Every structure is written in structure tokens, then in C-alpha cells.
Amino acid sequence: MAPVKKNVLITGANRGIGLSLCKAFIARNYNVFGSVRPESRDDPSVAELRKTGASVIEFDVTDESTIAAAFDSWGDKPLDILINNAGAPTRPRMWDEVTAEALIDKFRVNAVGPFIVSQIFMPALEKSKSPKIINIASNAGQIAANKDGKYMAYKVSKTALNQVTRSLGMQMEMTKSKVIVAGIHPGWIPTKLTGMTGPDQMDVQIPKIVKTIESIGASQNGGFMDAEGKIMEF
Ligand SMILES: NC(=O)c1ccc[n+]([C@@H]2O[C@H](COP(=O)([O-])OP(=O)(O)OC[C@H]3O[C@@H](n4cnc5c(N)ncnc54)[C@H](OP(=O)(O)O)[C@@H]3O)[C@@H](O)[C@H]2O)c1
């Protein structure tokens, strides 16, 4: 009998790191589900995602009702890996351009979004034998490593995401859940989010990230690591 394919759901799957992760998991014989925002439905990037063979699911991580509707259509199947990848851009850059709206908007997409998606999809994760929640975090969220203060709203939101990873991981452990939660900094890769800047290469980073995701075990629960699985300071 052919082995049962694992199900992976990747948010923000129509471009950048999300799209590349979809392609990599399909190549490794997973059933891949990629989420796109309803407002981006007609963007050419969504057609590109469909071409990969991924099943496309629509929700906006800032709109709980759309996530709940997506979960209703998920059905009874287990969710083996949830990758909270959707993220809002790094700008504005300097402190005097940062507004309350910018702080709140980044926080909603980059910290609240991954938590609410995880919470809503938890019943499907609990149906898996070895469920994992992977938050695509960032070294921009590291407090002690912050030497220039640029991109404050983005940094604040990614610091909060690290606390979501840690807190949810600890709660899973305390309640003896099988669900493992970890944050991965993917590297600095040219994408729309970074304004196509960055010294790392997508085709080098993605295989490392996939290997790390597959190898993460209970001892890394609540942790924050780089693409190769090396533990990073919060
Ligand atoms: N690239 C890097 O160097 C780097 C470094 C560290 C961490 N990261 C993290 O990696 C993740 C992916 O970023 P990327 O670099 O691949 O950027 P990207 O190419 O700009 O992709 C971002 C994705 O997130 C989606 N998204 C944004 N807001 C959303 C919302 N409210 N609901 C649902 N989806 C939403 C976007 O959808 P639309 O197409 O509809 O906008 C897009 O699919 C982010 O969490 C980012 O913070 C990236």
C-alpha cells in the first residue's frame, strides 16, 4: 500500500517564500494547500500557485471569518504541518514615518494572524500523528541584535510572533498535546516584502528550511531557529 501523503498548509502561498515552499513540498510528495488573500484572487501570482498543483484556499489572516470559513471547508483530514508564512512588508523604515496604524497593521498580519490561524486549524492539527506549526519568523524580531532600530513596526510584530511561538509551544507541552510549535528565520531573501533585496538565495534557503521543518522534534518545541535548524536567541 502506498504511504499516506502528509498534508501541509502554507499561508501567503502565491509569491515569495510561500510559493517556493509549496513547490518544494509538492516535489517531496506532500498534499499541499496554499492560502491566498481574497483580494489577490485575480492576481497572476495565484495562477502561478495553481500551476504548481497546490490546492488553493482563500483567507485573509486578519479576517477571522474568512479563516473560519476555510476551516469549515477543510473537512475531516488531518493537518500535519501548518506553515504560518503570510507576512506584511517591512516598510516604513524610519521611526518618524511609523504611525499607530502601521504598528497595528503589522501586528495584526505578522503576530495575531499566525496565532488565530493556528487556533482555528488546531482541531485538524490534532488529527495528525505528528503535527507541527511553523511560524516564519525573522531575525528582525531579535531584541538584543537590533542595532539600528529601522523598520520598527515590522520588528515589533516579529518580536511578538516569537512570543506567540514560545507561548503556544509551552501551552501545547503543558496540555500534553502532540503539536510542536517552532519559529524559523528563513534568511534574507529577495522577495516583494524585502523590495527584492537580500544576500541569500531562495533556491539555497528553501531546501534547508524544508529539511529543518521535517526534522523538528519535541525538543525544539517553542524554539526559534535559522534555516538550518540552529537555535537563535529570542
Ligand atoms: N524575504 C526575507 O528576507 C524574509 C526574512 C525574514 C522573514 N521573512 C518572512 O517570510 C514570510 C514570507 O515573506 P516573503 O519574503 O516571501 O514576502 P512576499 O513575497 O511579499 O509574500 C508575502 C505573502 O504574504 C501574503 N500576505 C500578506 N498579508 C496577508 C494577509 N493579511 N493575509 C494573508 N496573506 C497575506 C502575501 O499575499 P499578497 O500577494 O496578497 O500580498 C504574500 O503571499 C513573511 O512572514 C516574512 O516576514 C522574510
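1. A helix axis here is a line fitted to C-alpha atoms over the stretch in contact, and the angle between two axes runs from 0 to 180 degrees between N-to-C directions. With that in hand, look at α4 and helix α5 (residues 152-174) in this predicted model: their axes lie 7 Å apart and make an angle of about 20°. That makes α4 roughly parallel to α5, since angles under 35 degrees count as roughly parallel. The crossing of α4 past α5 is right-handed.

2. You may like to colour the residues of this contact. On the α4 side they are Ala102, Leu103, Lys106, Phe107, Asn110, Ala111, Pro114, Phe115, Ser118 and Met122, and they meet Ala153, Tyr154, Val156, Ser157, Lys158, Ala160, Leu161, Val164, Leu168 and Met172 of α5. By class, the contact of α4 with α5 holds 15 nonpolar, three polar and two charged residues.

3. Now for the other partner of α4. Helix α3 (residues 64-74) has its axis within 10 Å of that of α4, and the two cross at roughly 20°. Therefore α3 and α4 are also roughly parallel to each other. Here too the crossing is right-handed, with α3 passing α4.

4. Which residues of α3 and α4 meet? From α3 come Glu64, Ile67, Ala68, Ala70, Phe71 and Trp74, and from α4 come Ile116, Val117, Ile120, Phe121, Pro123 and Ala124. The contact of α3 with α4 divides into eleven nonpolar residues, no polar ones and one charged.

5. On to empty space. A search of the whole structure turns up one cavity of 30 Å³ or more, and the volume of this largest cavity is about 30 Å³. Its lining consists of Thr11, Val61, Asn84, Asn85, Ala86, Val109, Gly113, Pro114 and Val117. Helix α4 (residues 100-125) gives the most to this lining, with four residues. Two names return from the helix contacts: Pro114 is on the α4 side of the contact with α5, and Val117 is on the α4 side of the contact with α3. By class, the cavity lining has five nonpolar, four polar and no charged residues.

6. The largest pocket holds about 1,300 Å³ of space. It is lined by 48 residues, and Gly87, Ala88, Pro89, Tyr154 and Leu193 lie nearest its centre. Tyr154 is also one of the α5 residues that meet α4. At least two lining residues each come from α1 (16-27), β2 (31-36) and α5. The classes in this lining are 18 nonpolar, 19 polar and eleven charged.

7. What lines the second largest pocket? The residues are Val4, Lys5, Lys6, Asn7, Pro78, Asp80, Lys127, Ser128, Lys129 and Ser130. About 190 Å³ of space lies in this second pocket, and its lining has two nonpolar, three polar and five charged residues.

8. Two backbone details deserve a glance before you set anything up. The peptide bond from arginine 91 to proline 92 is cis, with omega near 5°; proline 92 belongs to the loop between β4 (81-84) and α4. Asparagine 29, although not a glycine, has a positive phi of about 70°, and this asparagine 29 sits in the loop between α1 and β2.

Definitions and conventions: Residues numbered from 1 in each chain as written. Predicted model: local features only at pLDDT ≥ 70, side-chain atom pairs only at ≥ 80, totals over all residues. Heavy atoms only, no water. 1 Å grid on protein atoms, 1.4 Å probe; cavity = no way out; pocket = protein on both sides within 12 Å on 5 of 7 lines; lining within 4 Å. Points joined across faces, edges and corners; volume = space filled by probe spheres on them. Nonpolar A, V, L, I, M, F, W, Y, C, P; charged D, E, K, R; others polar. Parallel < 35°, antiparallel > 145°, perpendicular 65-115°, else oblique. Left-handed = near helix turned anticlockwise from the far one by under 90°. Contact = heavy atoms within 4.5 Å.
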